[in-house]
Each structure stands twice: as C-alpha cells, then as structure tokens.
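Here is a short tour of the salt bridges in this structure. Let's look at which side chains pair up and how exposed they are.

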Amino acid sequence: RRVDVRLEVAADEKVNIEKIEKDLLEIAYKSELTLKTPATTIWFRIGPGTVAIDTKAWCESKDYWALYDYLHRAIYNYNVENNLPCPYTVIGKYEK
C-alpha cells in the first residue's frame, strides 16, 4: 500500500529541491516499514508561489498507519528544523 505525504513550501530561491528530494528519500528509508520495492518516489509540482513536494512510499497494508504517522511527523520535523519558507497565496491584480 502506498503512503502519500505532501509538503508545501514557498517558491523561493532558498529552496533547493535536489537537497529536499535527497533528504525526504533518506527520511522515508529510515523506517524499516518502508519497502525497497516498489521504490519511494518524490514528485514536485510548481504552483503560483508554492512548490508542492509529494513523498510516495510503499509499505505492507498492515503497516500503513504506522508509516503514515512516522512520515508525517518526520517530514514536519524536517520542515521545522530546516526552516523551509512557508507558501503564500499569490493574488493577481488585473487592470483594464
């Protein structure tokens, strides 16, 4: 079963997506609940003022909620420890 966790950060020059990808993979594989096959993947989605980073890790069905809890806590702590910039809403101003 797959556990998906989304982390959203501001689209900012301080955000190093290669480092974040490496770090999130390391976090996922620290848990013995994360399966090696299929491999954990990290997906990025760019939006107005934000970068959504999805971690998709696989586990046995019986371990779903334990891995879900672990990943959410670990990724939250990673966000806090690395002081990643919070996303913000971009509001367009249209003039005639």
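A salt bridge here is a side-chain nitrogen of Lys or Arg within 4 Å of a carboxyl oxygen of Asp or Glu. The model is a predicted one, and by this rule it holds 7 salt bridges.

A good place to start is the pair Lys56 and Asp4, whose side chains meet in a salt bridge with an N to O distance of 3.5 Å. Lys56 belongs to strand E3 (residues 50-58) and Asp4 to strand E1 (residues 2-10), so this contact ties together parts that are 52 residues apart in sequence. Lys56 counts as buried, at 15% relative accessibility, while Asp4 counts as partly exposed, at 34%. The pair also has company: Arg2, Asp4 and Lys56 are linked in a network of salt bridges.

Two further pairs are worth a look. Lys22 and Asp23 join their side chains in a salt bridge, and Asp63 forms one with Lys62. What is the relative accessible area of Lys22? Lys22 has a value of 51% and is exposed, because exposed means over 50%. Its partner Asp23 counts as buried, at 12% relative accessibility. In the other pair, Lys62 counts as exposed at 70%, whereas Asp63 counts as buried at 14%.

The three pairs discussed here are set out below with their N to O distances.

| Salt bridge | Distance, N to O |
|---|---|
| Lys56 and Asp4 | 3.5 Å |
| Lys22 and Asp23 | 3.7 Å |
| Asp63 and Lys62 | 3.3 Å |

Note on methods
Residues numbered from 1 in each chain as written. Predicted model: local features only at pLDDT ≥ 70, side-chain atom pairs only at ≥ 80, totals over all residues. Heavy atoms only, no water. Helix = DSSP H or I, 4+ residues; strand = E, 2+ residues; numbered from the N terminus. Buried < 20%, exposed > 50% of the residue type's maximum accessible area, 1.4 Å probe, protein only.
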